Amino acid sequence: MDGGNQSVVSEFILWGLTNSKNIQVLLFVMFSMLYLLIVSGNIIILILITTDPNLHSPMYFLLANLSFVDMWLSSVTTPKMITDFLRENKTISFAGCMSQVFFAHCIAAGEMVLLVVMAYDRYVAICKPLHYFTIMNLKRCTGLVLTSWTTGFVHAMSHLVVIVQLPFCGPKEIDSFFCDMPLVIKLACMDSGDLDVLMNADCGVVAVTCFILLLISYTYVLVTVRQSSGAGASKALSTCTAHITVVMIFFAPCIFIYVWPLNITWLDKFLAVFYSVFTPLLNPAIYTLRNKEMKNAMKRFVNNYLNPKVNF
């Protein structure tokens with residue numbers, strides 16, 4: 001970039017989800033309740049896994065990290081979207097916009113890698129049960145989680161260092177509820193076609209690589225489970241089904257937004273809402289409603305902390 005291509009735009013205007021005042025009030029109430037459920041649901045999972053000794057295992061350590069990531073994935077965009085429903089001027093500062101771009105991609109990419117780690121955990125638990133606790137020790141689990149965060153950070157920085165140098169000199173309206181990277185790139189005062197393809201390719205490397213690794217892991221797991229029998233196989237199948245469900249509802253929107261964009265505005269908004277609001281909401285429900293150990297942990301927590309016995 002030369003010296004004349006400096007950003008002169010200090011803020012962007014977000015169009016949000018709709019222009020109807022009545023619908024915006026309805027959406028404000030609905031998404032406020034959903035965000036409250038997201039935060040409370042994931043916090044409950046974190047508390048249960050932290051306080052219950054029966055859940056101090058590699059799988060639940062990774063699940064706690066997933067809940068933490070989900071909570072922040074939603075918090076990057078949802079609070080801003082909720083407050084904008086009641087605002088006439090839906091603006092966001094240049095720094096705030098760049099922050100959304102960075103953290104949205106950092107957390108999303110980190111979650112993709114974390115889902116791969118969880119698939120690897122299930123692979124070791126089911127395909128190599130005798131060596132499970134040796135392979136998935138605390139040191140390795142911590143290292144894998146740090147790897148997911150490092151991958152997310154590097155991925156997000158690769159986008160940020162390019163986008164902050166783009167010449168924004170005129171158009172500043174974004175037809176979305178947050179600063180979505182492809183929409184921000186289109187506002188640059190330059191031919192952004194090649195850059196858009198490059199950024200999508202960058203996203204594709206992370207998303208497609210993680211998705212292929214997930215397919216390989218769960219294929220091995222499902223083949224092993226099919227060859228087994230008994231209650232252990234049934235429990236393993238139930239756990240893997242929950243994991244696969246989470247993978248599909250998270251990856252599908254991301255792939256169609258960033259890897260193979262459909263460029264249909266209303267559909268892009270729906271997919272963005274789905275992965276930033278409904279995915280973090282569904283994850284706690286899927287893992288708790290389908291998981292007997294989590295249900296038992298909830299009962300123990302209620303009995304021990306909320307309904308303590310009175311000793312006379």
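Which residues of α6 are buried? Keep that one in mind; we'll get there after a look at the sheet.

**Before you click**

This is a predicted model, in which local features need pLDDT of at least 70, side-chain atom pairs count only at pLDDT 80 or more, and totals for chains, interfaces and linings use all residues. Residues are numbered from 1 along each chain as its sequence is written, and side-chain values use heavy atoms, with hydrogens and water left out.

**Stop 1: the sheet**

Select residues 11-14, which make up strand β1. Helices (H or I, at least four residues) and strands (E, at least two) are DSSP runs, numbered from the N terminus. Now add β2 (91-93) and β3 (173-174), the edge strands, each of which pairs on one side only. Two strands pair if DSSP finds at least two bridges between them. Together the 3 strands form an open sheet with mixed pairing, in the order β2-β1-β3.

Look at each pairing in turn. β1 and β2 run antiparallel and are joined by 3 bridges; here isoleucine 13 stands opposite threonine 91. β1 and β3 pair in the parallel sense over 2 bridges, and leucine 14 stands opposite isoleucine 174.

Next, show the side chains of β1. In a regular strand the side chains alternate between the two faces of the sheet. Along β1, Phe12 and Leu14 point to one face and are buried, while Glu11 and Ile13 point to the other and are not. Buried means under 20% relative accessible area, exposed means over 50%, and partly exposed is in between (1.4 Å probe, protein chains only).

While Phe12 is showing, add Phe94 and Phe168: the three form one aromatic cluster. Then colour residues 94-127, helix α4, which packs on the sheet and touches β1, β2 and β3. The direction of α4 makes about 85° with that of β2. Axes are lines fitted to C-alpha atoms, for helices over the stretch in contact, and angles run from 0 to 180 degrees between N-to-C directions.

**Stop 2: helix α6**

Select residues 138-163, the 26 residues of α6. From its first C-alpha to its last, α6 reaches 38 Å, close to the 38 Å expected. The expected span of a helix is 1.5 Å times one less than its number of residues.

Back to the opening question: the buried residues of α6 are Cys141, Val145, Ser148, Gly152, His155, Ala156, His159, Leu160 and Ile163. What covers them includes α2 (58-75), α4, α7 (181-186) and α8 (193-227).

Zoom in on the N-terminal end of α6, where asparagine 137 acts as a cap. One of its side-chain oxygens lies 3.2 Å from the backbone nitrogen of lysine 139. A polar contact is a pair of N or O atoms within 3.5 Å; within protein, one must be able to donate a hydrogen and the other to accept it, and residues adjacent in sequence count only if both atoms are side-chain atoms.

**Stop 3: helix α2**

Move on to α2. Of its 18 residues, 14 are buried, so α2 is largely enclosed by the rest of the structure.

Pick serine 74 in this helix. Buried or exposed? Serine 74 counts as buried, because its relative accessibility is 0%. Not counting residues up to four places away in sequence, serine 74 touches Tyr35, Ile38, Pro79, Ser276, Val277 and Pro280. Contact means heavy atoms within 4.5 Å.

Now show phenylalanine 68 and tryptophan 72, both in α2, 4 residues apart, about one turn of the helix. Their ring centres are 6.3 Å apart and their planes lie at 65°, so the pair is edge-to-face. Rings of Phe, Tyr and Trp (its six-membered ring) pair if their centres lie within 6.5 Å; planes under 30 degrees apart count as stacked, over 60 as edge-to-face and the rest as tilted. Phenylalanine 68 is partly exposed at 36% relative accessibility, and tryptophan 72 is partly exposed at 43%.

**Stop 4: phenylalanine 85**

Finish in the loop between α3 (78-84) and β2, where you'll find phenylalanine 85. At 7% relative accessibility, phenylalanine 85 is buried. Leaving aside neighbours within four places in sequence, phenylalanine 85 is in contact with Leu17, Gln24, Leu27, Phe28 and Phe31.
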